[in-house]
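This briefing introduces a structure to a reader meeting it for the first time. Please view the sequence and the model together while reading.

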Amino acid sequence: MGTPLLQTVGLRKCYGPNVVLDSVDFSIDTGAVKAVLGPSGSGKSTMLRLMSLLEPADGGSIVLHGREIGVTSGRNGATVRMPERQLARQRAEIGMVFQRFNLFAHLDVLHNVTLGLTAVRGLDRGEAAQRAQAMLERVGMADRMRHYPSELSGGQQQRVAIARALVLEPSVMLFDEPTSALDPELVNEVLVVMEDLAAQGMTMIVVTHETRFARRVAHEVALFHSGVIVEQAPPEQFFGQPEHELTRAFLAHVH
C-alpha cells in the first residue's frame, strides 16, 4: 500500500470538557471516495474542519502527501500553529464545501469563484475569470455568472460553492453534509455534480446522511460515534453485513 493522500493520526479535539474527537486515525487514498456517516454531534464535521485547517487540533497530526500540515517548528523545536498566510496556502490544497454554502452575498457568482484565484493563487483577473467560467460550466452554472446568491436556489448556490472550491485545483475535496440544507427536490442536482467528480477521479471525503449516495458512489464508508470511528468498510459490507451493533442500530434508524 502506498502513502495515503490525506490522513489523520491520533487526531484529538476538545471543547472545554467535551471530547469531540478522541485519537482518530483516518485516511484516504488518491482517487477514492469515502463517505462518513454518524449521528449529529459524533465528530464528523469537526474532523473536516480540522482537516481543512479551519480550526487547530488539540492533539495528533494531519498529513497531506506524506507531510504534516497546519503546524511548524517554533522556539525550542516546539510545534506551533502556522501563521495565517501559510495556512491559507495549505488550505487551497484542501477544497471545502459547507452545509450552508457560505457565498459572499455582495459578490456575483463569477466574483465568488474568482476571489480565491486572485487572493490565494495570485492570478490576474483575466485568467481568473477564464478559469472560473470553465468551472462554472462544469457544474452547470455558466448561465448564472452575473447573478447574486440571493437570486439563486439553494441547489444553485451549492453548485457555485463547489465550483469555488474546485477552481483552486485542490488535491482533495471535503463535503460537510452538502445537501442537508436543501429542499428535497434540489438535492439531486448537487449529488449529480458530486457523482461526476467521483467518476473523474476526484479524491473526496463526504460527510452525509444520503445513504443511497454513499452506497452507490463511495469506495469505503465510515461510521462515527462519540468521537471515534466505530466501523469502516466497503459499502457492500458496511450496509449489507455490518459488524458493529452501533452500525446496525444507526442503519436501522436512518432507514
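How much space lies in the largest pocket? In this predicted model, the largest pocket holds about 580 Å³ of space. The points below describe that pocket, then an open sheet of 6 strands, and finally the contact of helix 5 with helix 6.

**The largest pocket**

- The lining of the largest pocket consists of 20 residues, and those nearest the centre are R91, F98, V120, R164 and L168.
- Two or more lining residues come from each of helix 2 (84-91), strand 8 (94-97), helix 3 (109-119) and helix 5 (154-166).
- Helix 3 makes the greatest contribution to this lining, with 4 residues.
- Sorted by class, the lining comprises 12 nonpolar, 5 polar and 3 charged residues.

**The open sheet**

- The 6 strands of the open sheet follow the order 8-9-10-3-11-12, and their pairing is mixed.
- Strand 8 and strand 12 (228-233) are the edge strands, each of which pairs on one side only.
- From one strand to the next, the twist averages 20 degrees.
- In general, the strands of a sheet pair through backbone hydrogen bonds, in either a parallel or an antiparallel sense.

**Two strand pairs within the sheet**

- Strand 8 pairs with strand 9 (residues 172-176) in the parallel sense, over 4 bridges.
- Within this pair, M96 stands opposite L174 in strand 9.
- Strand 11 (residues 220-225) pairs with strand 12 in the antiparallel sense, over 5 bridges.
- Here V221 stands opposite A233 in strand 12.
- Strand 11 and strand 12 form a hairpin with 2 residues between them, and S226 in the turn has a positive phi of about 50 degrees.

**Helix 5 and helix 6**

- The axes of helix 5 and helix 6 (residues 184-199) come within 8 Å and cross at roughly 20 degrees.
- Angles under 35 degrees count as roughly parallel, so helix 5 is roughly parallel to helix 6.
- On the side of helix 5, the residues in contact are G154, G155, Q156, Q158, R159, I162 and L166.
- On the side of helix 6, they are L186, E189, V190, V193, M194 and L197.
- By class, this contact has 7 nonpolar, 4 polar and 2 charged residues.
- Helix 5 is also among the elements that give two or more residues to the lining of the largest pocket.

How values were computed: Residues numbered from 1 in each chain as written. Predicted model: local features only at pLDDT ≥ 70, side-chain atom pairs only at ≥ 80, totals over all residues. Heavy atoms only, no water. 1 Å grid on protein atoms, 1.4 Å probe; cavity = no way out; pocket = protein on both sides within 12 Å on 5 of 7 lines; lining within 4 Å. Points joined across faces, edges and corners; volume = space filled by probe spheres on them. Nonpolar A, V, L, I, M, F, W, Y, C, P; charged D, E, K, R; others polar. Pairing = 2+ DSSP bridges. Axes fitted to C-alpha atoms, helices over the stretch in contact; angles between N-to-C directions. Parallel < 35°, antiparallel > 145°, perpendicular 65-115°, else oblique. Contact = heavy atoms within 4.5 Å.
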